Each structure stands twice: as C-alpha cells, then as structure tokens.
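Good morning, everyone, and thank you for making time for this. Please look at the sequence and the structure on the screen while I talk.

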Amino acid sequence: MRIAIGNDHVGVDLKWHIVKYLEQQGHEVVNFGTDEPASNHYPIYAEKVAKAVLSGEYDKGILICGTGLGISIAANKVKGIRCAVCSEPVSAELSRQHNDANIIAMGARMIGPVMAEKIVDVFLNTDFLGGRHQIRVDMMTALENGESLS
C-alpha cells in the first residue's frame, strides 16, 4: 500500500516511528511533513497529504500534529477528504467502516507510539461497509458541494 504521511513540528518523532513501522510491513510511505522542530503551520502539510491522496497516487493518508484536531480540520477543508481524528483503534475502525475515511489524524501529545501503531493497523486493514453508510457518505459529499439535504 502507498501511504502519504504528513506532520507539523510536534509530530516529527511519532511520524518517523510510524514510517519505520509501516515500511517494516512492506508499505511504501512518502513523507509530506516537516522534519524541523521549529514551530510551523499544520494546514500546509494537511493540504499536501490531502492532495496526494485525492490524486490517487496514494491509497491512504496519515496526519500528525499535537492533538490531531487542527490538522484534521485543515485536511477536511479539501474537497473529497474525509479525515478522522483517532486516539484509539475503535474510532479508526468505525471511520473506515461507516465513513470511508481516506485519512486519519493523530495527536502526538495525546497517544504514544504503540497506540499509534494499533490505530494505523486498524485504519489500513478495515474496509468500508457501504450500504446505508454509502448513503450517508453521499450526503456528506452533497453538503461539501453546497447542496441542501432538506
């Protein structure tokens, strides 16, 4: 699987841990994040990963900032992205099964490397269920396109 990963300054160490972990599993991981410890702006990296995933060159994306919140909000501003903040594996599983999430975000200040590995494993190995969930994903897409649901 080809995975795009991005991060701000807070997520540098966790990013490299996840990159190494995924490469050991045979995944190709491409770094769109910073390697600098100086404060920087996470929307830049959210956009890079989002566009990489939307291009079809990458199967999934992973984003990391301090909490996962800011970088996920930024990624979700890119049309076609469904990014979920995950702090444990159940959220990662449901984000895939019910929402067809194409990117996850994690907080380097919220979780440790072992939990991040578990979250990433579940995210990458869980399929979208479709069915009634597809209807809801289609509704989210309609909202994204400025359509009213009522």
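I will go from the overall build to the sheet, and then to one helix.

A word on the source before we start: this is a predicted model, in which local features need pLDDT of at least 70 and side-chain atom pairs count only at pLDDT 80 or more, while totals for chains, interfaces and linings use all residues. Residues are numbered from 1 along each chain as its sequence is written, and side-chain values use heavy atoms, with hydrogens and water left out.

The protein has 6 helices and 5 strands, where helices (H or I, at least four residues) and strands (E, at least two) are DSSP runs numbered from the N terminus. Along the sequence they follow the pattern β-α-β-α-β-α-β-α-β-α-α. The radius of gyration is 15 Å, close to the 15 Å that the globule rule gives for 150 residues, so the protein is as compact as a globular protein of that length; the radius is taken over C-alpha atoms, and the rule is 2.2 Å times the number of residues to the power 0.38. Of the 150 residues, 46% count as buried, meaning under 20% relative accessible area with a 1.4 Å probe, protein chains only.

How are the strands ordered in the sheet? The sheet is open, with 5 strands in the order E2-E1-E3-E5-E4 and parallel pairing, and two strands pair if DSSP finds at least two bridges between them. At the edges are E2 (28-31) and E4 (83-85), each of which pairs on one side only. The twist averages 25° from one strand to the next; axes here are lines fitted to C-alpha atoms, for helices over the stretch in contact, with angles from 0 to 180 degrees between N-to-C directions. E1 (residues 2-7) and E2 pair over 4 bridges, and Arg2 has Glu28 in E2 as its bridge partner.

Helix H2 (residues 42-54) packs on this sheet, touching E1, E3 (60-65) and E5 (103-107), and its direction makes about 175° with that of E3; contact means heavy atoms within 4.5 Å. Helix H5 (residues 113-125) also packs on the sheet, touching E1, E3 and E5, and its direction makes about 170° with that of E5.

Finally, which residues of H6 are buried? They are His133, Val137 and Ala142, and these buried residues pack against helix H4 (89-99). Just after H6, Gly146 takes a positive phi of about 85°.

How values were computed:
Buried < 20%, exposed > 50% of the residue type's maximum accessible area, 1.4 Å probe, protein only.
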